[in-house]
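This report describes a protein model for a reader who is new to structural biology. Please keep the sequence and the structure in view while reading.

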Amino acid sequence: MIISEIDLYEKLKEKLGEEEAKALVEFLKQQAQSEVRLVVEEILQKIEAALAEMKAIEERSIEEIKAIVQQAVNEAADKVVKDVDNRLAEVQNKLSKLDTVAEKLESIEGKLAEINNKLDQINGKTSGVKGLMFFLWLLLMGTVIFDILLNIPATQKVILQAIGGGSAG
């Protein structure tokens with residue numbers, strides 16, 4: 001039951017008198033204010049303690065979040081590094097295959113150059129043979145023509161005189 005200060009004063013005045021009622025009401029007021037201050041101080045201390053605990057929880061939470069984020073970043077970085085390493089290994093593998101192919105191409109080019117040199121040598125030798133064959137063919141044709149001319153009586157006489165120096169006859 002809550003009673004107002006005036007109602008309390010009136011009731012105490014009836015039983016104790018005006019001076020004592022005033023003094024008692026003033027004393028009770030001071031006591032109530034002291035009690036209120038104590039309760040308020042206790043409440044403020046509890047609020048400060050709760051705020052400090054909330055701040056500590058917040059700081060721990062922030063640290064935990066930082067740790068989780070750092071771990072996630074590290075895992076992501078490790079994954080990226082592994083992916084890059086795998087891709088680099090693939091690229092190096094392909095480059096080594098390309099180097100092998102390039103070496104084989106150089107070997108083939110060298111062999112083709114050797115074949116071309118041999119072909120040039122063969123062509124040089126066959127062109128000499130072709131020239132010789134052409135000369136022999138011309139010689140044969142000359143012999144055939146000469147033989148034909150010797151078989152004709154009119155030309156036979158002229159050829160024999162030319163060969164014999166004019167004394168054939």
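By about how many helical turns are K66 and E63 separated in helix α2? The two residues stand three positions apart in this helix, and therefore about one helical turn lies between them. The model that shows this pair is a predicted one.

## Overall form

The protein chain contains three helices and zero strands. Read from the N terminus, its elements follow the order α-α-α. Helix α1 covers residues 5-16, and helix α2 covers residues 18-151.

The C-alpha atoms of the protein chain occupy a box of roughly 200 × 25 × 25 Å along the principal axes. The radius of gyration of the protein chain is 66 Å, whereas a compact globule of 169 residues would have a value near 15 Å.

## Surface and charge

Of the 169 residues in the protein chain, 3% are buried. The accessible surface of the chain amounts to about 14,800 Å², and carbon and sulfur atoms account for 63% of that surface.

The protein chain carries 21 positive and 29 negative charges. The mean position of the positive charges and that of the negative charges lie 15 Å apart.

## Salt bridges

Side chains of opposite charge can pair when their charged atoms come close. In the whole structure, a search finds two salt bridges.

One salt bridge joins K66 to E63, with 3.9 Å between the closest N and O atoms. E63 is partly exposed, because its relative accessibility of 48% falls between the limits of 20% and 50%.

Another salt bridge joins E42 to K46, and here the closest N and O atoms are 3.4 Å apart. Both E42 and K46 belong to helix α2, where they are four residues apart, about one turn of the helix. E42 has a relative accessible area of 42% and is partly exposed. K46 reaches 54%, so this residue is classed as exposed, given that the class begins over 50%.

## Surface patches

A negative patch on the surface is formed by D99, E103, E106 and E109. Among these residues, E109 is located in helix α2. E109 has a relative accessible area of 51% and therefore counts as exposed, the cut-off being over 50%.

A nonpolar patch also lies on the surface, made up of F134, W137, L138, L140, M141, V144, I145, I148, L149 and I152. Together these residues have about 900 Å² of accessible area. One of them, M141, is placed in helix α2. The relative accessible area of M141 is 32%, so this residue is partly exposed.

## Between I6 and V25

Is I6 buried or exposed? I6, which is found in helix α1, has a relative accessibility of 61% and so counts as exposed.

Along the chain, I6 and V25 are 19 residues apart. In space, the C-alpha atoms of I6 and V25 are separated by 9.1 Å.

How values were computed
Residues are numbered from 1 along each chain as its sequence is written. This is a predicted model: local features need pLDDT of at least 70, side-chain atom pairs count only at pLDDT 80 or more; totals for chains, interfaces and linings use all residues. Side-chain values use heavy atoms; hydrogens and water are left out. Patches are made of residues with over 30% relative accessible area and no salt bridge: like charges are joined within 9 Å, nonpolar side chains (Val, Leu, Ile, Met, Phe, Trp, Tyr) within 5 Å. Accessible areas come from the Shrake-Rupley method with a 1.4 Å probe; for residues, only the protein chains shown count as cover. A salt bridge is a side-chain nitrogen of Lys or Arg within 4 Å of a carboxyl oxygen of Asp or Glu. Lys and Arg count as positive and Asp and Glu as negative; His and the chain ends are not counted. The place of a charge is taken as NZ of Lys, CZ of Arg, CG of Asp or CD of Glu. Buried means under 20% relative accessible area, exposed over 50%, partly exposed in between (1.4 Å probe, protein chains only). The radius of gyration is taken over C-alpha atoms; the globule rule is 2.2 Å times the number of residues to the power 0.38.
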